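The following turns go through backbone geometry first and the overall fold of one chain afterwards.

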Amino acid sequence: MTTFLLRRAMGIVPLLIGVSMILFGLLQAIPGGPLAVYLNNPYITGHDLALLRHQFGLDQPLYVQYVRWFGAYALGHWGVSYSSGQPVATLIAGRVTPTLLLMGTSLALALTFALLAGVYSAVRQYSAVEYALTVFSFLGISMPVFWLGLMLQLVIAVHLGWLPVAGFSAGGWGDVVRHLVLPSMALAMFTAGRWSRFTRSGMLEVLRQDYIRTARAKGLPERRVVFRHALRNGLIPLVTVVALDLAALVSGAVVTETVFAWPGMGNLLIQSITSVDYPTLLAILMLSSFAIVVSNLLADVLYSVLDPRIVYR
Amino acid sequence: MTARREAVPVRRSSLWWDAWRRFSRDRLALTGGIVLAVLALAAAGAPLLAWYAPNDVDLKRLDAAPSAVHWFGTDDLGRDEFSRALYAGRVSLSIGIASTLVSASVGTAVGAAAGYYGRLVDSVLMRLTDVVLSIPPLPLVIVLSAIVKPSPQILVLIIAAIGWMGTARLVRGAFLSIRESEYVEAARATGCGSLRVILRHALPNSLTPAIVAATLAVGNAIITESVLSFLGVGIQPPTASWGNMLQNAESTMATKPWLSVFPGLFILLSVLSVNGLGDGLRDALDVRANA
């Protein structure tokens with residue numbers, strides 16, 4: 001087990017190097033290069049540009065730039081934002097809390113729904129409620145998150161006036177919570193639908209097993225059979241899927257933050273695309289890829305912990 | 001389906017025939033297929049169905065609410081929203097389907113090569129798959145489109161770039177087991193080259209998971225296109241796509257809700273029906289569950 005963990009943990013290093021190479025190469029392709037933002041500035045002459053290029057090391061060969069960048073990156077030097085002049089790390093640090101708050105809340109919402117709906121629809125298969133839950137899950141999977149956000153804004157914020165349309169907070173935690181409701185619902189919808197389907201099929205699979213029949217046969221109350229005996233094994237596929245779906249959640253967060261003017265990293269990403277803010281862009285992409293790689297590793301480990309039938313070498 | 005010994009007439013039985021029988025009993029899947037077909041036909045027949053040209057500006061009817069004349073109302077330039085939604089369907093649906101065709105082909109090729117040749121080819125291709133899977137897909141395509149400022153054709157390739165990994169893994173898995181099977185060995189013994197074994201023997205037997213994955217991927221591709229166009233880095237106006245119609249509608253949502261409701265409903269309906277169709281295909285083609 002320990003060797004397995006170590007081997008897997010080592011395995012993410014080449015993965016991250018691969019990711020960084022792709023992202024680095026990708027951003028090299030921006031027309032005008034990293035200094036594109038200065039090209040249309042009448043106060044900056046060709047001489048200034050050359051000076052900047054030299055100062056940033058952009059006149060070096062690509063592989064030198066990459067190695068320097070990666071080395072600095074690994075040590076936590078993420079550079080200075082081209083558009084605001086602030087260190088990228090500071091810029092991102094200010095955005096982490098809103099993003100984690102949004103993603104954490106939607107994760108909790110989605111998981112709660114998935115568990116309740118999934119278990120219920122497995123236990124009461126073919127009931128009217130199960131049918132309604134299935135329809136709801138399919139709607140959630142098929143709805144573009146930005147449109148759901150727009151519709152929530154339209155109905156709940158504009159027409160009913162219950163909650164603020166967008167933004168973060170005018171001050172105080174209560175206000176943050178009021179601003180948080182709609183975006184986290186919009187973001188949770190997709191994963192809620194997807195995960196409830198997984199919970200349902202996982203539970204259906206388990207409820208068919210012999211040991212469940214044994215549990216029932218020895219006279220255990222149904223509640224105990226479902227929640228003690230079935231749920232533990234039925235949830236194993238869900239755990240993996242939740243960890244693997246972090247990539248989808250990150251993608252959804254970018255859109256949600258844009259629609260709701262939520263001051264998180266997704267918003268910063270879109271801003272830095274518009275202003276061709278190369279270091280910030282790279283840092284956000286690298287960070288989110290890192291989070292995805294780690295969560296995939298976590299999924300692997302959790303899977304082996306939860307299912308003792310799986311033997312790792 | 002095994003042959004029966006009773007004196008009943010032998011019924012046709014093949015993978016596709018069995019699949020069709022299961023599929024046609026699945027109401028959700030059937031509805032999905034029909035709705036999708038209607039949407040596609042409506043989009044294809046847009047010039048016949050829409051009374052107005054999608055980019056015709058009518059300055060006397062700016063921001064008209066839905067009525068008998070303009071079913072979905074008009075936008076801030078007096079363009080007929082119904083007509084635009086139909087024409088947008090051409091763009092959005094064909095980009096969704098085309099990019100899925102590309103990603104499914106790439107995924108199948110990568111998976112087949114990795115599964116069949118194994119060893120170095122397998123590890124290189126699968127590590128590449130892992131790497132691409134580690135980058136959050138939407139930010140990646142947003143950055144790509146912002147860099148390239150894509151034409152519809154390039155947009156298809158960009159969306160396909162984040163969609164091939166799932167198919168590659170599935171096809172590789174199927175190839176790994178097929179590679180060891182007797183009929184592949186027999187084909188090799190009779191002198192088939194690698195390419196022929198892959199194309200004639202292994203591929204047809206690993207196609208069903210790829211087909212199911214591809215169908216479900218169409219929905220993702222449609223949504224990705226709409227997000228990109230919504231953010232302004234996808235299909236550029238005046239060409240209508242469901243995504244850029246919503247971008248146009250966002251700022252006036254409170255006063256002109258119809259502009260933001262209808263394009264979204266079209267996206268929802270098409271993705272919903274594709275997903276229903278894919279779900280039905282999975283059940284119909286999943287030979288293990290029905291054997």
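Q: In which loop of chain A is A:Tyr126 found, and is A:Tyr126 buried or exposed?
A: In this predicted model, A:Tyr126 sits in the loop between helix 5 (88-123) and helix 6 (128-142) of chain A. A residue is exposed if 12 or fewer other C-beta atoms lie within 10 Å of its own. A:Tyr126 has 7 such neighbours, so the residue counts as exposed.

Q: What is the phi of A:Tyr126?
A: Most residues other than glycine have a negative phi. A:Tyr126 is not a glycine, yet its phi is positive, near 70°.

Q: Which residue of the loop between helix 6 (137-148) and helix 7 (152-161) of chain B has a positive phi of about 50°?
A: The residue in question is not a glycine. With 10 C-beta neighbours inside 10 Å, B:Lys149 counts as exposed. The residue with this phi in that loop is B:Lys149.

Q: Is the peptide bond from B:Pro237 to B:Pro238 cis or trans?
A: B:Pro238 lies in the loop between helix 11 (207-230) and helix 12 (242-250) of chain B. Most peptide bonds are trans. For the bond from B:Pro237 to B:Pro238, omega is near 10°, and the bond is cis.

Q: How many helices does chain A have?
A: The C-alpha atoms of chain A fill a box of roughly 85 × 60 × 30 Å along the principal axes. Zero strands occur in chain A, and the number of helices is 14.

Q: What share of the 313 residues of chain A counts as buried?
A: Burial requires 20 or more other C-beta atoms within 10 Å of a residue's own. Among the 313 residues of chain A, the buried share is 35%.

Technical notes
Residues numbered from 1 in each chain as written. Chains lettered and ligands numbered in written order. Predicted model: local features only at pLDDT ≥ 70, side-chain atom pairs only at ≥ 80, totals over all residues. Helix = DSSP H or I, 4+ residues; strand = E, 2+ residues; numbered from the N terminus.
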